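Biologist: Could you walk me slowly through one part of this model, and then show me how it fits into its surroundings? I am happiest when each term comes with its cut-offs.

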Amino acid sequence: MVNVLYFASFREMLGKASEQLPASHTTVESLIAELAERGENWKQALLDNQNLQIAVNHDVANRQTEIKAGDEVAFFPPVTGG
Amino acid sequence: MAPETQQSLKYPNIRVQEEDFDLSTEVAKLREGHTDVGAVVSFVGTVRDINEGDDVAVLELEHYPGMTEKALENIRQEAHQRWELESSVIIHRIGKMYPTDQIVLVAVSSRHRENAFYAAHFIMDYLKTNAPFWKKETFPNGEERWVDARLSDQEAEKRWK
């Protein structure tokens, strides 16, 4: 399984903070492609979003980053701390 | 062991907490055992009561536990590699805050002032664009808005490349 997390406006827009998904994808890109099929809000947040931020196992990642069972993948908007 | 305790053992110079902090106490701790320090520079970020022209009543800070601490520690280590520093600490608050509250503290010590000035500035610029925190504003009428990332913060980071 892969642990998928959504933060801030993404959590609100997608209606969930986290979920466990089967580890059936080898890259973030392919995971996004599947999630985008859930509906327009998923497509907008993840697939069409030029500002999408991605982390894999707490490190900054991108669409090409490889993923495997046990990984934690997070999706979020640009950060605004400080 | 609570997750927060695990994080604080792993990264003793990084703190992500709901509680407020006291600048004098933190600077005293930073200097403890460093008798060769000749300069301490600290930055405190505070909650404004106005943003993008709108009155702000409440500011709520969300973060990504685990990644936040790691990202902050990476930034701190990078500062130590770039400049000769004696010690440094980063404290970032989370949860609900109100105008005039303190949000963030960056404090660094070094033998000479230039390194401390540069390092504190660098850490804040990198924190703004690399640490996974998100701000949500609540206006006096109860409406909420997620704060948008600023292009000026992206530009500020670039000056250190």
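Modeller: Gladly! Two strands pair if DSSP finds at least two bridges between them, and strands themselves are DSSP runs of E with at least two residues, just as helices are runs of H or I with at least four, both numbered from the N terminus. Residues are numbered from 1 along each chain as its sequence is written, while chains are lettered from A and ligands numbered from 1 in the order in which they are written. The model is a predicted one, where local features need pLDDT of at least 70, side-chain atom pairs count only at pLDDT 80 or more, and totals for chains, interfaces and linings use all residues.

Let's look closely at strand 5 of chain B, residues 58-63. B:Leu59, B:Leu61 and B:His63 make up its covered face, whereas B:Val58, B:Glu60 and B:Glu62 lie on the uncovered one. Behind this lies a simple rule: in a regular strand the side chains alternate between the two faces of the sheet.

Now for the partners of strand 5. With strand 9 of chain B it shares six bridges, and the two run antiparallel. Strand 7 of chain B, residues 95-97, is also antiparallel to strand 5, and three bridges join them. B:Leu59 is a handy residue to click on, since you can follow it in both directions. In strand 9 of chain B its bridge partner is B:Glu137, and in strand 7 of chain B it stands opposite B:Met97.

From strand 9 you can step onward. Strand 10 of chain B, residues 144-146, is joined to strand 9 by three bridges, again with an antiparallel run. B:Lys136 of strand 9 has B:Trp146 of strand 10 as its bridge partner. These two strands form a hairpin with five residues between them, and B:Gly142 there takes a positive phi near 95°.

Strand 9 (133-138) also takes you to the other chain. In total, 20 residues of chain B are in contact with 13 residues of chain A (contact means that the C-beta atoms, placed from the backbone, lie within 7 Å). On chain B's side of that interface, strand 9 supplies at least two residues, and so do helix 3 (67-82) and helix 4 (113-130). Helix 4 of chain B gives the most, with four residues.

Stepping back, chain B as a whole has five helices and ten strands. Its radius of gyration is 16 Å, close to the 15 Å that the globule rule gives for 161 residues, so chain B is as compact as a globular protein of that length (the radius is taken over C-alpha atoms, and the rule is 2.2 Å times the number of residues to the power 0.38). Along the principal axes, the C-alpha atoms of chain B fill a box of roughly 50 × 40 × 25 Å. Of the 161 residues, 33% count as buried, meaning that 20 or more other C-beta atoms lie within 10 Å of a residue's own, with C-beta atoms placed from the backbone; 12 or fewer makes a residue exposed, and in between it is partly exposed. Among contacts in chain B between residues at least 6 apart in sequence, 76% join residues at least 24 apart.

How confident is the predictor? The mean pLDDT of chain B is 95, and 99% of its residues reach 70 or more, on a per-residue confidence scale from 0 to 100. For the complex, the predictor gives an ipTM of 0.95 and a pTM of 0.95.

Note on methods: Contact = placed C-beta atoms within 7 Å. pLDDT = per-residue confidence, 0-100.
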